[in-house]
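The exercises below are to be worked with the sequence and the coordinates side by side. Each task is followed by a solution that goes step by step.

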Amino acid sequence: MSTLSSSKKYQALSVLGRVMHPAVLVGVGGAIGSVARWGVSEAMPTDGASEVPWATIMVNLSGAFLLGTMMGASFQTEALLLFGTGILGGFTTMSTFGVETVQLIESGNYSAASIYIALNLFAPLTAWLGWRLSEAFLA
């Protein structure tokens, strides 16, 4: 995140920055995001290797949209560490996407694997959409 925020003008530390070390912000946020992702996967269970893992698609697309929204809103560095790197980093999951894709392919479910890959490729588009909507709303 430091490269994204380095182009901003100097900002005074937020309350979060004065109270918590950056590693604590990321760690606390990551724990929250990981538990939230677990909750979504519990609420949207799949049969494993035989159907599209909708929970992972939902967390990846919504997480990308929310991160784009935060970037468009120009959050302070500490808020980006907590919410962007921490919560949304723990919430979204590229590793699970990879493992679930391999499981679908190995089970011979090529159509589900193709749908899963195609839908997850919308993540950059949802991030861009969130960014633009945030900028338009705040303009």
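**Exercise 1. Placing V26**

In which helix does V26 lie, and what is V26 in contact with once its neighbours within four places in sequence are left aside?

Solution. Before starting, note that this is a predicted model, in which local features need pLDDT of at least 70 and side-chain atom pairs count only at pLDDT 80 or more, while totals for chains, interfaces and linings use all residues. Residues are numbered from 1 along each chain as its sequence is written, and side-chain values use heavy atoms, with hydrogens and water left out.

Step 1. V26 lies in helix α3, which covers residues 22-43; helices here are DSSP runs of H or I with at least four residues, strands are runs of E with at least two, and both are numbered from the N terminus.

Step 2. Relative accessibility is 26% for V26, which therefore counts as partly exposed, given that buried means under 20% relative accessible area, exposed over 50%, and partly exposed in between, with a 1.4 Å probe and protein chains only.

Step 3. With neighbours within four places in sequence left aside, V26 is in contact (heavy atoms within 4.5 Å) with L81, T85 and G86. The C-alpha atoms of V26 and L80 are separated by 9.1 Å, although these two residues are 54 residues apart along the chain.

**Exercise 2. The overall make-up**

State how many helices and strands the protein has, and what percentage of its residues count as buried.

Solution. Step 1. The secondary structure comes to eight helices and zero strands, so that the order of elements from the N terminus reads α-α-α-α-α-α-α-α.

Step 2. Of the 139 residues of the protein, 34% count as buried.

Step 3. Among contacts with a separation of 6 or more, 77% come from residues 24 or more positions apart.

**Exercise 3. Helix α5 and its packing against α4**

Determine how much of α5 is buried, and describe how α4 and α5 pack.

Solution. Step 1. Helix α5, residues 77-91, is mostly covered, with eleven of its 15 residues buried; among them are L80, L81, G84, G86 and F91.

Step 2. α4 and α5 pack at an angle of about 170°, their axes being 9 Å apart, where axes are lines fitted to C-alpha atoms, for helices over the stretch in contact, and angles run from 0 to 180 degrees between N-to-C directions. α4 is therefore roughly antiparallel to α5, since angles over 145 degrees count as roughly antiparallel, those under 35 as roughly parallel, 65 to 115 as roughly perpendicular and the rest as oblique.

Step 3. On the α4 side the contact is made by V59, S62, G63, L66, L67, M70 and M71, and on the α5 side by A79, L80, F83, G84, L88 and F91.

Step 4. G84, found in α5, is buried with a relative accessible area of 4%, and its C-alpha is 7.5 Å from that of M70, which is 14 residues away in sequence.

Step 5. In the loop between α4 and α5 one finds S74, whose phi is near 55°, a positive value in a residue other than glycine; at 45% relative accessibility S74 counts as partly exposed.

**Exercise 4. The α6 and α7 pair and the largest nonpolar core**

Describe how α6 and α7 pack, and list the residues of the largest nonpolar core.

Solution. Step 1. The angle between α6 and α7 is about 160° and their axes are 8 Å apart, so the two helices are roughly antiparallel to each other.

Step 2. T96, F97, E100, T101, L104 and I105 in α6 meet Y110, A112, A113, Y116, I117 and N120 in α7.

Step 3. T101 lies in α6 and is buried at 10% relative accessible area; beyond its neighbours within four places in sequence, T101 is in contact with A113, Y116 and I117.

Step 4. The largest nonpolar core (buried Ala, Val, Leu, Ile, Met, Phe, Trp, Tyr and Cys residues joined through side-chain atoms within 4.5 Å) has ten residues: V52, I57, L61, A64, F97, L104, A112, A113, Y116 and A123. Two or more of these residues come from each of α4 (54-72), α6 (94-106) and α7 (110-120).

Step 5. A second, separate core has eight residues, including A55, V59, M71 and F91.
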